[in-house]
Amino acid sequence: MEAGTGTGCSARTLAACVIGGIVLGASVLVPSLPPLDAVRRRLRRPVRVYMDGCFDMMHYGHCNALRQARALGDELIVGVISDEEIKANKGPPVTPLHERMIMVRAVKWVDDIIPDAPYAITEEFMNKLFTEYNIDYIIHGDDPCLLPDGTDAYALAKKAGRYKQIKRTEGVSTTDIVGRMLLCVRERSSSDAHNHSSLQRQFSSGHGQKVDDSGSGSGTRVSHFLPTSRRIVQFSNSRGPGPDSRIIYIDGAFDLFHAGHVEILRLARELGDFLLVGIHTDQTISSTRGRHRPIMNLHERSLSVLACRYVDEVIIGAPWDVSKDMITTFNISLVVHGTIAENMDYAKDDANPYAVPMAMGIYHRLESPLDITTSTIIRRIVANHEAYQKRNEKKEASEKKYYEGKSFVNGE
């Protein structure tokens, strides 16, 4: 069951400038949070909320769901559904449980996790949540979550009066991301059916894909994500580095944000007091890795990185070369890079992007804990594309139904 993303709304505020074609100064609704103080006084302890999900190929939509869930309580406990349960209810997961646990633990709004959570909230598991984990509310998005028999996976929690709903994050889903790649498989010509390199070249967030602006077409949609300044602020940290902070800088594409990214960011953060992450533009990535990249656009990738608890700040659209001026501007103490990455030939190039920090003696190469890259994720899907095709067709049907019956839900 994917973590979705609606709560009631009473207050009205004014949106600031927005990125991506949204009107400046648009009036938007801000949801009123539940009276946490009253609940705390009654319970005489922090309010604990629970949200579960597959969190497969974890993206900023998952992170925004967790952010909203955390706002409904003081502590957020997240159930990560087992590989077996996902396979039985949805089809094979792209990322195994141990990688999904790394991803969920790294989200800055998560306080604790429950591994191997069941897909359906059974009465036994619900009572366990209430008694052993002291859970006060079970959270899910406004999109329906149905079991294979057509019943509501959260029916028992609703009946118990312990269910709260948040707003689904529009514009992204695991189905959508997998679909961006699967479309390449469906559309390739029979002449290159066995040509893996040709398939790889077709991967693109937009190239060769059909666009359905209604959001409810039969084909998987190109990303409809509309990046707003409000969303970036919601994901950002409020503090900057102190005057004597040791600032660590690491850059990259961070496409299809995965456990390998999380682990190298964790190690980088341990080297200093403040971790600054440079995220390269779509154009830079395409020029260095081919027109099939990136799968996720710049703002999608930026939100995924911002949600990581090890990251203090990001540069949205960082330059390829780390210059002396940039090091001075951000007061960077150390520039780091992992040993596992898509492009490890940079040191051999005449235009080495790390030439300046190397010459200054502030470059450090970190041993990457996991041998995972964006290409690893793509290869998993390509190698088993028939199974994922079947899974996506089933999921696309439910998403089409959701969009056809979609109505406005207040939330953030």
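Here are some informal notes on this predicted model, point by point.

1. Overall make-up. The protein has 412 residues, and 55% of them count as buried. Its secondary structure comes to 16 helices and 12 strands. The accessible surface is about 18,200 Å², with 51% of that belonging to carbon and sulfur atoms.

2. The main core. If you want a place to start looking, go to the largest nonpolar core, which has 67 residues. Leu66, Leu265 and Val277 have the most contacts inside this core. Helix 10, residues 259–269, gives the most to it, with six residues.

3. Leu265 and its neighbours. Setting aside residues up to four places away in sequence, Leu265 touches Ile250, Phe254 and Phe257, and also Leu275 and Val277. Further along the chain, Leu265 touches Cys308, Tyr310 and Val311 too. Note that Val277 is another of the residues with the most contacts inside the largest core.

4. A separate core. Apart from the largest core lies another, of 22 residues. Among its members are Ala117, Phe125, Ile138 and Ala157.

5. Tyr163. This residue lies in strand 7, which covers residues 163–166. Tyr163 has a relative accessible area of 17%, and it counts as buried because the cut-off is under 20%. Beyond its neighbours within four places in sequence, Tyr163 is in contact with Ile138, His140, Gly141, Tyr154, Ala157 and Lys158. Two of these contacts, Ile138 and Ala157, are residues of the 22-residue core. Asp136 is 27 residues away from Tyr163 along the chain, with 8.9 Å between their C-alpha atoms.

6. Helix 2. Why is helix 2 described as largely enclosed by the rest of the structure? Because 10 of its 11 residues (the helix covers 60–70) are buried. The buried ones include Tyr60, His62, Asn64, Arg67 and Gln68, as well as Leu66. Leu66 is also one of the residues with the most contacts inside the largest nonpolar core.

7. The largest cavity. Its volume is about 400 Å³. The lining has 28 residues, and Asp251, Gly252, His337, Ile340 and Ala341 lie nearest the centre. Strand 8 (247–252), helix 10 and strand 11 (332–338) each supply at least two lining residues. Sorted by class, the lining has 13 nonpolar, 11 polar and four charged residues. Helix 10 turns up here as well as in the largest core, where it gives six residues.

8. The second largest cavity. This one holds about 160 Å³ of space. It is lined by 20 residues, with Met57, Met58, Leu256, Phe257 and His258 closest to its centre. Helix 4 (97–105) and helix 12 (298–306) are the elements that give two or more residues to this lining. The lining divides into 11 nonpolar, four polar and five charged residues. Phe257, by the way, is one of the residues that Leu265 touches.

9. Two backbone oddities. Most residues other than glycine have a negative phi. Phe55, however, has a phi near 55°, a positive value. Asn331 also has a positive phi, of about 55°, although it is not a glycine. Phe55 sits in the loop between strand 3 (48–53) and helix 2, while Asn331 is in the loop between helix 13 (324–329) and strand 11.

10. Buried or partly exposed: which is Phe55, and which is Asn331? Phe55 is buried, with a relative accessible area of 1%, whereas Asn331 is partly exposed at 44%.

Technical notes. Residues numbered from 1 in each chain as written. Predicted model: local features only at pLDDT ≥ 70, side-chain atom pairs only at ≥ 80, totals over all residues. Heavy atoms only, no water. Core = buried A, V, L, I, M, F, W, Y, C linked by side-chain atoms within 4.5 Å. Buried < 20%, exposed > 50% of the residue type's maximum accessible area, 1.4 Å probe, protein only. Helix = DSSP H or I, 4+ residues; strand = E, 2+ residues; numbered from the N terminus. Contact = heavy atoms within 4.5 Å. Areas by Shrake-Rupley, 256 points an atom, 1.4 Å probe, with all protein chains shown as cover. 1 Å grid on protein atoms, 1.4 Å probe; cavity = no way out; pocket = protein on both sides within 12 Å on 5 of 7 lines; lining within 4 Å. Points joined across faces, edges and corners; volume = space filled by probe spheres on them. Nonpolar A, V, L, I, M, F, W, Y, C, P; charged D, E, K, R; others polar.
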